[in-house]
Protein chains: 2
Amino acid sequence: MQDLNELTSRSGEWLSGGGREADVVVSCRVRLARNVAGFPFLTRADDEKRKEIEHYVKEKLQKTQVGQTTNYWDLQELSQVDRQLLVERHLISRDHAFGRGPRGVAFGPDEKVSIMVNEEDHLRIQALRAGLELEEAFRLANEVDNDLEKEIDYAFSSQFGYLTACPTNVGTGLRVSVMLHLPALVITREIDKVFQAVSKINLAVRGLYGEGTQASGDFYQISNQVTLGKSEEEIIENLSSVIPQIVKYERKVRQTLLQSKRLVLEDKIWRAVGVLRFARSISSEETMELLSLVRLGVNLGLIQDIPITTVNELFVLSQPAHLQKIERAQLNSHERDEVRARYIRERLARNGR
Amino acid sequence: MQDLNELTSRSGEWLSGGGREADVVVSCRVRLARNVAGFPFLTRADDEKRKEIEHYVKEKLQKTQVGQTTNYWDLQELSQVDRQLLVERHLISRDHAFGRGPRGVAFGPDEKVSIMVNEEDHLRIQALRAGLELEEAFRLANEVDNDLEKEIDYAFSSQFGYLTACPTNVGTGLRVSVMLHLPALVITREIDKVFQAVSKINLAVRGLYGEGTQASGDFYQISNQVTLGKSEEEIIENLSSVIPQIVKYERKVRQTLLQSKRLVLEDKIWRAVGVLRFARSISSEETMELLSLVRLGVNLGLIQDIPITTVNELFVLSQPAHLQKIERAQLNSHERDEVRARYIRERLARNGR
């Protein structure tokens with residue numbers, strides 16, 4: 001059994017800073033919703049039934065290839081901090097972490113793929129990749145899906161496609177999300193135009209942790225809203241054509257800022273470095289804001305002695321559950337702010353200047 | 001003739017950080033107001049008369065010992081930046097810098113003594129010392145006064161004492177000021193109590209540049225209000241007994257802060273260091289605020305790699321006229337903010353960390 005503590009020494013592959021358009025696109029995610037034929041949807045399943053479903057899926061999982069390369073975690077056995085840790089790494093949703101009843105998640109050491117069991121659907125397969133690599137993420141998710149389908153009889157209708165607990169997912173069961181870092185559009189308040197344009201073409205904009213969460217650190221998730229009546233390829237193509245336009249827009253505004261307000265921008269960015277390197281107490285929120293500016297600075301070539309991977313990792317590792325795992329202690333909010341400041345300081349000190 | 005540019009490579013002796021109670025008392029100043037018998041007060045003198053007075057004083061000055069160790073500067077011949085430079089170094093008052101008519105100032109390379117000619121009175125002798133060294137400052141001013149009195153026939157009444165343009169100075173012509181750094185009293189808002197207590201015993205509280213100026217960087221000047229009917233010794237004793245109480249109060253509150261709010265205090269102080277070390281543009285006002293916190297940090301032993309002399313010097317050298325002299329260019333406010341940030345950065349980078 002893998003130790004969850006291990007996770008705190010690194011971030012998932014999707015935060016490597018690689019992939020296409022990595023200056024703006026942090027990562028992309030492809031998620032497939034699947035249910036097992038012969039079992040009720042979870043909305044109609046009591047704990048005993050849920051247990052039965054979990055057992056069934058777990059057992060089948062072990063027979064598949066993906067079962068060999070992942071570990072399965074029973075969420076009911078994990079502490080709250082551990083579950084929060086998995087949320088902070090985008091391996092499970094908030095609902096899954098803080099829901100109830102028998103449920104679990106399987107993922108491997110590279111964290112490219114995770115399979116949530118008994119979230120909203122019996123199975124939620126997700127593949128995460130750094131940068132704008134939708135086809136690759138889709139290929140990965142598809143591979144796992146095909147692998148599982150050899151063992152599991154999915155609930156499927158020839159008329160509607162895959163059947164899901166929520167009608168919005170019926171059809172392909174596919175949700176494709178792209179996490180974008182849009183600091184320049186936020187600074188110049190051009191971001192609202194993007195939101196308006198995006199919502200007109202039935203794409204949703206969400207915060208850092210998906211549905212119902214706020215944007216922080218200028219990160220936004222853009223994803224498809226509808227799946228019914230569309231093919232997987234159409235959905236992916238739709239996003240693949242829209243995202244590059246937003247990326248181009250953000251880049252253009254970054255250059256405009258650099259040309260017309262270079263000093264103001266540099267000052268903002270370097271002050272962020274200064275505070276992160278010297279603060280003795282810092283909230284999660286302020287950290288996100290400042291890291292966002294540092295990320296912008298690195299991507300604009302203004303900061304050269306902090307690798308982008310350090311910045312990306314700090315976004316994840318400076319979060320509450322990660323800090324508590326690193327410290328191996330339960331910490332209240334004030335204690336976390338102090339530990340966070342120290343952790344960031346030490347981390348950045350390793351990178352010169 | 002000494003070059004004013006030289007001044008920008010160092011600060012005056014009074015900013016050495018030495019002297020008694022130097023953690024709270026930055027410097028003390030003793031000023032003597034004198035007028036020449038047989039000439040009208042300046043309020044009644046036209047430019048021709050002022051010229052005559054200046055000539056007379058200058059000529060006499062050359063025959064004295066203090067005349068040998070100081071240089072005389074004709075303020076009408078100095079640029080506005082040069083005059084501002086002298087204000088920033090506390091060698092002349094604002095009124096003297098931006099007044100009109102024939103006037104000047106004499107001071108030596110150590111800047112311990114300056115003699116303003118045709119400020120409010122024909123002569124204003126001032127002695128500046130680092131720390132709480134009132135007797136020493138008085139001794140210095142007195143020495144110059146005696147020296148000048150050998151050549152100049154002062155306006156003196158056996159009934160009132162020295163006659164001055166403003167009645168508040170009649171008598172000894174003495175004003176004693178102490179510049180205090182009171183960040184802890186400001187943070188805890190205990191400072192108002194000090195002001196109330198001080199004003200009850202006829203002492204005045206003023207900002208960094210004397211009458212009519214605002215406190216900045218938590219610096220306050222405390223000085224005697226009245227001189228008529230009091231001896232020099234009484235005035236000095238009065239301040240010598242009051243100031244140590246304020247010093248004790250400030251120190252007590254610093255320790256209380258350190259014990260009860262150490263993290264908050266350390267965070268404030270180190271963030272100030274961070275911003276000063278990384279900002280790309282910074283106003284004079286923000287600089288004062290942040291340097292004040294750094295000064296507190298150094299005096300509390302929290303910061304160990306920045307010498308107090310560096311902090312004290314930055315207070316002076318980061319001011320508008322100094323920056324323009326250092327850059328040898330006229331700079332507008334935005335340009336100064338940029339140059340100031342660079343100058344502070346480079347200065348602090350020399351001190352490790």
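**Figure 1. Two copies and the axis between them.** Copies are superposed here by least squares on the C-alpha atoms of residues with pLDDT of at least 70 in both. In this predicted model, a turn of 180 degrees with a shift of 0.0 Å along the axis lays chain A on chain B with an RMSD of 0.0 Å. The two copies are thus related as by a two-fold rotation axis. For a handy landmark, look for G274(A): of the residues of chain A, its C-alpha comes closest to the rotation axis, at 2.0 Å. Both copies use the same surface, as 100% of the contact residues of chain A recur in chain B.

**Figure 2. The area buried between chain A and chain B.** Here 17 residues of chain A are in contact with 17 residues of chain B. Together the two chains bury about 1700 Å², with 61% of it on carbon and sulfur atoms. Three residues are worth picking out: R271(A), F278(A) and R280(A) supply 42% of the area that chain A buries against chain B, more than any other three residues.

**Figure 3. Salt bridges and polar contacts across the interface.** Between chain A and chain B there are 2 salt bridges. One to zoom in on joins the side chains of E286(A) and R271(B), at 2.8 Å from N to O. The two chains also have 8 residue pairs in polar contact, both residues at pLDDT 80 or more.

**Figure 4. Helix α9 on the side of chain A that touches chain B.** Helix α9 of chain A (residues 262-278) gives this side its largest share, 10 residues. By type, the residues of this side divide into 7 nonpolar, 2 polar and 8 charged.

Technical notes
Residues numbered from 1 in each chain as written. Chains lettered and ligands numbered in written order. Heavy atoms only, no water. Contact = heavy atoms within 4.5 Å. Buried area = accessible area lost by both parts, 1.4 Å probe. Salt bridge = Lys/Arg side-chain N within 4 Å of Asp/Glu carboxyl O. Polar contact = N/O pair within 3.5 Å; in protein donor to acceptor, adjacent residues only side chain to side chain. Helix = DSSP H or I, 4+ residues; strand = E, 2+ residues; numbered from the N terminus. Nonpolar A, V, L, I, M, F, W, Y, C, P; charged D, E, K, R; others polar.
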